[in-house]
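Subject: Structure handover

Hello,

Here is the structure I promised to pass on. Please open it alongside this note; what I found follows below.

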Amino acid sequence: MTASNGRPAPTEAGPGEMPHGPGRADLSGPSGSTEPSPAGAFAPAAEGPREAGRGAAQDDTVAGVVRQWQAVHPELDTAPMEIIGRINRCSALLQQAEDAPLRRAGLSRPEFDLLGALRRTGHELTPSELARETFSSGAAVTKRLKQLTERGLVERRGDTRDRRVAHLRLTEAGRDLVDGLLPDQLAYERTVLAGLDGAGRGDLAALLGDLLTRLEGRPGAARF
């Protein structure tokens, strides 16, 4: 998702796309299936021993995965899985949600981020600029632009000095779609977070912001 402060954020990596191994969460679920589980997979996992002092820990799907890895490799510190695994799991479930406004509009989150970048910057962008704004690869942006152009949401203008350069902007239909969707999407996301109090949301946003800043500032940071 593109952050409100304009800083690009990773978009496409799903929970099953991160390499597994020590410090990486196997998000296939306790059954070992490689398919992402539906939202119902967040039903409590089978009871098992917990580490001392962690009685308040959530007993969710990732907790079950962590317990299984601890049984297989008790000598390894599986704590990173509890963060990375949950981030990826939440991302997958949010993108799979059938009631999300973006899904109803036939848009993926990366496509909406691309449309949003054109809307919030308020001016034309080249494909390479869009790639930087949405933290995406050039190939991914090219594919999305083709689909959005075919839908009549984006239009391109050739550069008068260099025909290899294209300038992209929203059509009137694209602008109306973004402006109409944004309030509904924000309301949906507010509902998703309703279980957290205001202080909890603030703390979570700050922690994720710190993690994102570290990842974006890391040399050779991954681009999706």
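The protein has eight helices and two strands. Keep in mind that this is a predicted model. Along the sequence, the elements run α-α-α-α-α-α-β-β-α-α. Of the 224 residues, 32% are buried. The protein exposes about 13300 Å². Carbon and sulfur atoms supply 57% of that area. Take the contacts between residues at least 6 apart in sequence: 59% of them join residues at least 24 apart.

Next, the core. The largest nonpolar core has 19 residues. Seven have the most contacts inside it: Leu 114, Leu 115, Leu 118, Leu 130, Leu 145, Leu 148 and Val 154. Two or more residues each come from α4 (109–121), α5, α6, β2 (166–170) and α7 (172–192). Helix α4 gives the most, with five residues. As background, nonpolar side chains in soluble globular proteins tend to be buried together.

Leu 115 is a good place to look around. Which residues does Leu 115 contact, leaving aside neighbours within four places in sequence? They are Leu 107, Leu 148, Leu 153, Val 154, Leu 170, Leu 177 and Val 178. Of these, Leu 148 and Val 154 are also on the list of residues with the most contacts inside the core.

Now Phe 135. This residue sits in the loop between α5 (127–134) and α6 (138–150). Is Phe 135 buried or exposed? Its relative accessibility is 11%, so Phe 135 counts as buried; the cut-off for buried is under 20%. Its C-alpha atom is separated by 9.9 Å from that of Leu 114. Those two residues are 21 apart along the chain.

A charged-residue check: Arg 67 belongs to helix α1 (residues 61–72). Arg 67 has a relative accessible area of 15%, so this residue is buried too. The Arg 67 side chain makes a polar contact with the side chain of Asp 59, at 2.9 Å.

Last, helix α8 (residues 198–216). How far should its 19 residues span at 1.5 Å a residue? The expected span is 27 Å. The end C-alpha atoms of α8 are 27 Å apart, so the two values agree. At the start of α8, look at Asp 197. One of its side-chain oxygens reaches to within 3.2 Å of the backbone nitrogen of Ala 199.

Over to you.

Best wishes

Terms used: Residues are numbered from 1 along each chain as its sequence is written. This is a predicted model: local features need pLDDT of at least 70, side-chain atom pairs count only at pLDDT 80 or more; totals for chains, interfaces and linings use all residues. Side-chain values use heavy atoms; hydrogens and water are left out. Helices (H or I, at least four residues) and strands (E, at least two) are DSSP runs, numbered from the N terminus. Buried means under 20% relative accessible area, exposed over 50%, partly exposed in between (1.4 Å probe, protein chains only). Contact means heavy atoms within 4.5 Å. Accessible areas come from the Shrake-Rupley method with a 1.4 Å probe; for residues, only the protein chains shown count as cover. A polar contact is a pair of N or O atoms within 3.5 Å; within protein, one must be able to donate a hydrogen and the other to accept it, and residues adjacent in sequence count only if both atoms are side-chain atoms. A nonpolar core is a set of buried Ala, Val, Leu, Ile, Met, Phe, Trp, Tyr and Cys residues joined through side-chain atoms within 4.5 Å. The expected span of a helix is 1.5 Å times one less than its number of residues.
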